[in-house]
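Trainee: Could you take me closely through one part of this model, the place where two neighbouring helices pack, and then through the charged pairs around that place? I would like a connected account rather than a list.

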Amino acid sequence: MMKRIFLATLTALSLGSVFARDAAPLADDPVTEQRLISISEEMRCLVCQNESLAGSRSDLANDLRREIRILISEGRSDDQIRSFMVERYGDFVLYRPPVKPVTWLLWIGPFVILGIGIAGLLVYLRRRNSSVPNVVLTDADNQKIDALLNAADKKEG
């Protein structure tokens, strides 16, 4: 029974590869398609947010790629297309937003958080070290320790 299921699964998978074909480019011109890919890889899918516009398969991503394709066919430059997308959707659409007062927190925030974490760790370590009392051993304590260590050495040997 298991052999039949395995054989049926294997057959289905191999037939799938027979009917598979390469994705057809969405633009008639390969240069336009290449520009579209290069521009859309720098932009974030507004639905998926962790995927580039080029890699996303959401309906909105398809619409935005279609819009970029139209802008390319109108003869706009890559910078003009990026500016159009930023005007329409904000800096969030870019994977690397520009450094300006509105985005300073995005650029500097991780370093500030890291600095606060390091400062907190240093404060914690200093407090922990100061809370441990310094104990000074007397000669009698040292003799007891030596006697215990000697006794342990004799038992092992």
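Mentor: In this predicted model, helix α3 passes helix α4 in a right-handed crossing. The axes of α3, which spans residues 59-73, and α4, which spans residues 78-89, come within 10 Å and cross at roughly 140°. Because angles over 145 degrees would be needed for the pair to count as roughly antiparallel, α3 is described as oblique to α4.

On the α3 side, the residues that make the contact are Leu64, Glu67, Ile68, Leu71 and Ile72, and they meet Ile81, Phe84, Met85, Arg88 and Tyr89 of α4. Sorted by character, the residues of this contact comprise 8 that are nonpolar and 2 that are charged, with no polar residue present.

The charged pairs can be followed from here. The structure holds 7 salt bridges, and one of them joins the side chains of Glu42 and Arg82, with a distance of 2.7 Å from N to O. This pair links distant parts of the chain, since Glu42 belongs to the loop between α2 (30-40) and α3, while Arg82 sits in helix α4, and the two are 40 residues apart. The partners also differ in their surroundings: Glu42 has a relative accessible area of 26% and is therefore partly exposed, whereas Arg82, at 18% relative accessibility, counts as buried, because the cut-off for buried is under 20%. Arg82 and Glu42 are also linked with Asp79 in a network of salt bridges.

Within helix α3 there is a salt bridge of another kind of reach, in which the side chains of Arg66 and Asp63 meet at 2.7 Å, N to O. Arg66 and Asp63 both lie in α3 and are 3 residues apart, about one turn of the helix. Arg66 counts as partly exposed at 45% relative accessibility, and Asp63, with a relative accessible area of 38%, is likewise partly exposed.

A further salt bridge brings together the side chains of Glu74 and Arg76, here with an N to O distance of 3.6 Å. For Arg76, the relative accessibility is 30%, so that this residue counts as partly exposed.

Taken together, the part you asked about combines a right-handed crossing of α3 and α4 with a contact whose residues include 8 nonpolar ones, and Arg82 of α4 is tied by a salt bridge to Glu42 in the loop between α2 and α3.

Methods
Residues numbered from 1 in each chain as written. Predicted model: local features only at pLDDT ≥ 70, side-chain atom pairs only at ≥ 80, totals over all residues. Heavy atoms only, no water. Axes fitted to C-alpha atoms, helices over the stretch in contact; angles between N-to-C directions. Helix = DSSP H or I, 4+ residues; strand = E, 2+ residues; numbered from the N terminus. Parallel < 35°, antiparallel > 145°, perpendicular 65-115°, else oblique. Left-handed = near helix turned anticlockwise from the far one by under 90°. Contact = heavy atoms within 4.5 Å. Nonpolar A, V, L, I, M, F, W, Y, C, P; charged D, E, K, R; others polar. Salt bridge = Lys/Arg side-chain N within 4 Å of Asp/Glu carboxyl O. Buried < 20%, exposed > 50% of the residue type's maximum accessible area, 1.4 Å probe, protein only.
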